[in-house]
Amino acid sequence: MKVMNLVQAINDALDIKLAEDKNVVVYGEDVGVEGGVFRVTEGLQVKHGVSRVFDSPLAESGIAGTALGMAIAGMKPVIEMQFDGFSYPAFNQIVSHIARFRNRTRGKFSVPLVIRIPYGGGINALEHHSESPEAYFGHTPGLKVVIPSTPYDAKGMLIAAIEDPDPVIFMEPKRIYRAIKQEVPQERYSIPLDKAKVLQAGEQLTIIAYGAMIREVQKAIVIAKQQGFSVELIDLRSIWPIDRETISQSVRKTGRVLVVTEAPQSYGPAAELISIVNEEAFLSLEAPPTRLTGFDTVIPLPLGEKHYMISPERIATEIERLVKY
Amino acid sequence: MLTQKILDEYDPIKNKAYQLIDDEGKPLDKDWKPRLSNEEILKAYKDLLFERTADLMAVSYQRQGRMFTYPPNIGQEAIHIAAGIVTKEQDWLVTAFRELGAWLAKGVSLKELFLYFKGNEDGSRFEKANRVLPIAVPISSQLPHAAGLGYAINYNKEKDTAVFAYVGDGGTSEGDFHEALNFAAVWTAPVIFIIQNNQFAISVPLKMQTKSINLAIKGLAYNIPSLMVDGNDFFAMYEALSYAREQAVAGKGPFLIEAKTFRTGAHTTSDDPSKYRTQEEEEHWADKDPLKRLKGYILHKKIDDLKDEEELIKGFKKHIDSEFEAAENHPEYKVDDVFGYMYAELPDELRRQKNAYENFLRGVK
C-alpha cells in the first residue's frame with residue numbers, strides 16, 4: 001500500500017496499463033513533456049516513450065476523432081480533454097461516432113477508448129474550466145460515464161475503463177485531485193464500472209452524490225449526526241449505466257432520498273436518479289424525492305462561485321427538512 | 001508517371017488541373033503511354049460502366065419506393081475506379097457516402113449497400129471487405145478517423161499500408177477537415193485525402209463555399225503535397241493516386257488530391273438540382289463525362305470495339321437486380337438488432353428496457 005492522492009492514483013493506473021499493454025497510448029494537449037496541466041501524466045513520457053505518451057495538436061475534435069481511428073485499428077487510446085469546457089469541440093466525434101461505431105457496424109468495429117475529462121468547479125479557474133457536463137454524455141447511448149471520488153476508486157476504475165471493450169468517459173473531480181489522500185494498493189486491481197457504493201450506512205435518508213460533492217455531503221452528515229439524524233450515503237460512481245439495485249435497496253430502507261449534484265438541475269443526473277427512485281421505491285417513500293443541484297445558470301467566475309457551489313450547510317439544511325417532513 | 005517535376009508544374013498556386021486525356025479521350029500528349037495494360041484499362045472501363053449501371057438502378061429502385069434516400073454517384077466514377085485499382089487489400093478505406101465504385105473495389109457487396117440505403121445497419125457489416133469504415137454522414141467527421149488509422153499504421157510499423165480518405169468540396173469548410181490534415185501531417189501519417197470536388201454542397205456552389213482559388217491549395221498550409229486533378233480523367237486520377245500512395249507508404253506522410261468533377265445527378269434522391277444550377281453548366285460537364293472519355297480512349301486506341309456493351313449491361317442489370325432482391329429478402333429487423341450492438345455486453349438497464357418492450361409485444365400487462 002502507498003498513500004496517494006487522486007492525481008497519483010490516476011497516474012499509477014496509466015503507468016500500469018502502459019507497461020502491461022503495448023496497445024495503450026496516452027495523448028492530448030500538454031500531456032507529454034509537461035505531464036498534463038494537472039500533472040496527471042507526469043513522468044509517463046520519459047518512462048514509456050514519445051510514441052506512447054505524447055502531445056497532440058491543440059484540437060479536441062481531432063484528438064477524439066483520431067483516437068477512434070486508432071481504436072478500430074486495435075490500439076487502446078486514453079485521451080485527455082484538458083478541461084471540461086474544452087470537451088465540447090469533441091462532442092460531435094463522441095456522440096456521432098465514438099458512441100455509435102459498434103452499433104453502426106453491427107459489432108464489426110468497436111471503439112475501446114477512454115476519454116479523461118477533469119471536471120467541476122471550486123478551483124478558482126477561468127471561464128470554461130469549471131463545468132459539469134456529465135449529463136450530456138450520460139444522455140448519449142453507447143457510452144459509459146464514470147466518476148470516481150477517491151484515489152482507490154480512481155485507480156481501479158481507470159484500469160477497468162482501459163480494459164473495457166466500449167468507450168468510457170472518465171471524469172475526474174479536479175477540485176479534490178489533491179485534497180484526498182488514501183492508502184492505495186500498488187499492484188493492479190480493477191473496480192466494476194457499473195456499481196454504486198454505499199459509503200456510509202444510515203436509516204432515515206439516502207443521499208446520492210458523486211465526484212467532489214461526496215466530500216461536501218460527508219461534512220454535512222457530520223452536522224446532521226450532531227442533530228441526531230442517520231444518513232446513508234451512496235457514491236454513484238457510474239453516471240451511466242446507473243446502479244438501480246443499490247439505489248432502490250437503500251431508498252426502500254430509508255424512505256427518503258436527496259440527490260446532490262454540482263451539475264445544473266434541469267435534465268440533469270438528479271432528475272434521472274429521482275425517476276428511478278419513483279419507479280423502484282414509490283411505496284416506501286416518506287418524503288418527496290428531492291434534489292439539491294447547481295443552479296440552471298452559468299457557473300459563476302471565482303468570486304461568485306460561493307453562491308453556486310453546494311455547501312455542507314445547505315445539504316445539512318435539506319437533510320433536516322426531509323427527515324422532519 | 002508523376003514526378004516531383006510535374007508536381008511543381010501543377011503547384012496548386014498555379015490553379016491548373018493535372019490532366020492526361022481530353023474530353024474525347026485522346027491523350028493530350030501524343031507520346032504519352034498509360035502504365036496500365038490494355039486488359040487493365042478495359043477492366044477499368046467495365047467497372048466504371050458497372051458502377052454507373054448500379055447507380056442508375058439504385059435511383060430507379062428509390063423512385064419505385066423500394067429504397068429510401070440515396071446519393072447518386074453519376075459523373076464521379078473515374079475517381080472511384082482509379083482509387084479501386086490503386087488501393088490494396090491491407091489499405092483502409094474511409095469514405096463519406098458517395099464512393100460506390102471505391103466500396104465495390106474493396107469487396108463491399110451491392111446487397112449490403114442497398115440494404116444500408118433501405119434502412120438497415122446490417123448493410124454496414126461489410127462482411128467480405130477488409131478495412132472499410134462504414135458510411136459517414138456528418139460532413140468531414142470521418143477524416144480524423146483516417147489520421148488516427150494512419151498513426152496506428154506507423155505505430156504498428158505496418159509495411160506498404162495506406163489510408164484512403166474521401167470528402168466532398170463542402171467538407172473542406174468543416175473544422176474536422178483542417179484538424180485531420182494537420183494531425184496527419186504532424187504525425188507523418190500515410191493518408192491520401194481525396195476531395196471529390198463536384199462543385200456543389202447540396203445546393204451551395206463552390207464559390208460560396210470558399211474564397212480559395214481551388215481546394216488543393218488548402219493542403220499547402222499543412223505542408224502536405226497537394227495536387228488538383230481532372231477527376232473525370234481516369235488516367236490522371238490513376239497516376240495521381242498511385243504517386244500519392246507510393247509517397248505515403250514510403251514514409252513521406254499524407255497527400256491531398258482535389259479531384260475536379262461534377263455531380264451529374266442530385267445530391268440525394270430528395271433534391272432537385274434544377275433549382276440551383278443551369279442547363280449550360282450541366283451540358284458543359286456532360287462533355288467531360290468520365291465514362292464517355294474512357295470509352296473514347298479505348299475506341300481511339302482500338303483496344304476494343306466495345307460492341308458487346310449492350311450485352312454487358314444486360315448481364316450487369318441481372319446481377320444488380322439479384323443483389324437488390326437479396327437486400328429485399330434480408331431477414332426482418334428484430335428487437336435484438338436494436339439493442340444487441342450498443343455494447344459488448346448488454347447492460348442491465350438496456351436489458352430492462354428491452355424486456356419491457358418485449359413484454360408489451362407479447363401482450364403481457
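**Strand β2 of chain B, a covered strand.** In this predicted model, strand β2 of chain B spans residues 163-168. The strand is mostly covered, with 6 of its 6 residues buried. Both of its faces are covered. One side holds B:Val163, B:Ala165 and B:Val167. The other side holds B:Phe164, B:Tyr166 and B:Gly168.

**The neighbours of β2 in chain B.** Strand β1 of chain B, residues 92-94, runs parallel to β2(B), and 3 bridges join them. Look for B:Val94, whose bridge partner in β2(B) is B:Ala165. Strand β3 of chain B, residues 191-197, also pairs with β2(B) in the parallel sense, over 6 bridges. Here B:Phe164 has B:Ile192 in β3(B) as its bridge partner. How does the chain cross from β2(B) to β3(B)? The path goes through helix α7 of chain B, residues 175-186. This β-α-β crossover is right-handed.

**The largest nonpolar core.** This core has 199 residues. Six residues touch the most other members: A:Ile319, B:Ala165, B:Ile192, B:Ile194, B:Met237 and B:Ile257. The largest share of the core comes from α10(B), with 10 residues. Now zoom in on B:Ile194. Leaving aside residues up to four places away in sequence, B:Ile194 touches B:Phe164, B:Ala165 and B:Tyr166. The residues it touches also include B:Ile79, B:Ala83, B:Ile257 and B:Ala259.

**Helix α2 of chain B and its packing.** This helix covers residues 38-63, which is 26 residues. From first C-alpha to last, α2(B) reaches 37 Å, close to the 38 Å expected at 1.5 Å a residue. Which residues of α2(B) are buried? They are B:Ile41, B:Ala44, B:Tyr45, B:Leu48, B:Leu49, B:Phe50, B:Glu51, B:Arg52, B:Ala54, B:Asp55, B:Ala58 and B:Tyr61. An α-helix has 3.6 residues a turn, so residues three or four places apart point the same way. The buried residues of α2(B) pack against six helices of chain B: α3 (77-86), α4 (100-105), α5 (110-118), α10 (234-252), α12 (290-300) and α13 (309-328). After α2(B) comes B:Gly65, with a positive phi near 80°.

**Two loop residues of chain B with positive phi.** B:Ile202 is not a glycine, yet its phi is positive, about 45°. Find B:Ile202 in the loop between β4 (200-201) and β5 (204-205) of chain B. Is B:Ile202 buried or partly exposed? B:Ile202 counts as partly exposed because 14 other C-beta atoms lie within 10 Å, while a buried residue needs 20 or more. B:Asn223, also a residue other than glycine, has a positive phi near 60°. Its loop lies between α9 (217-220) and β6 (226-230) of chain B. B:Asn223 has 13 C-beta neighbours inside 10 Å, so this residue is partly exposed.

**A cis peptide bond in chain A.** The bond joins A:Trp240 and A:Pro241. Its omega is about 0°. A:Pro241 sits in the loop between β12 (238-240) and α9 (244-254) of chain A.

**The two domains of chain B.** Domain 1 covers residues 4-333, and domain 2 covers 335-365. How far apart are the C-alpha centres of domain 1 of chain B and domain 2 of chain B? They lie 40 Å apart.

Technical notes. Residues are numbered from 1 along each chain as its sequence is written. Chains are lettered from A and ligands numbered from 1 in the order in which they are written. This is a predicted model: local features need pLDDT of at least 70, side-chain atom pairs count only at pLDDT 80 or more; totals for chains, interfaces and linings use all residues. Helices (H or I, at least four residues) and strands (E, at least two) are DSSP runs, numbered from the N terminus. The expected span of a helix is 1.5 Å times one less than its number of residues. A residue is buried if 20 or more other C-beta atoms lie within 10 Å of its own, exposed if 12 or fewer, and partly exposed in between; C-beta atoms are placed from the backbone. Two residues are in contact if their C-beta atoms, placed from the backbone, lie within 7 Å. Two strands pair if DSSP finds at least two bridges between them. A crossover is right-handed if, with the strands pointing away from the viewer, the path from the first strand over the helix to the second runs clockwise. Domain bounds come from an automatic or database domain assignment. A nonpolar core is a set of buried Ala, Val, Leu, Ile, Met, Phe, Trp, Tyr and Cys residues joined through C-beta atoms within 7 Å.
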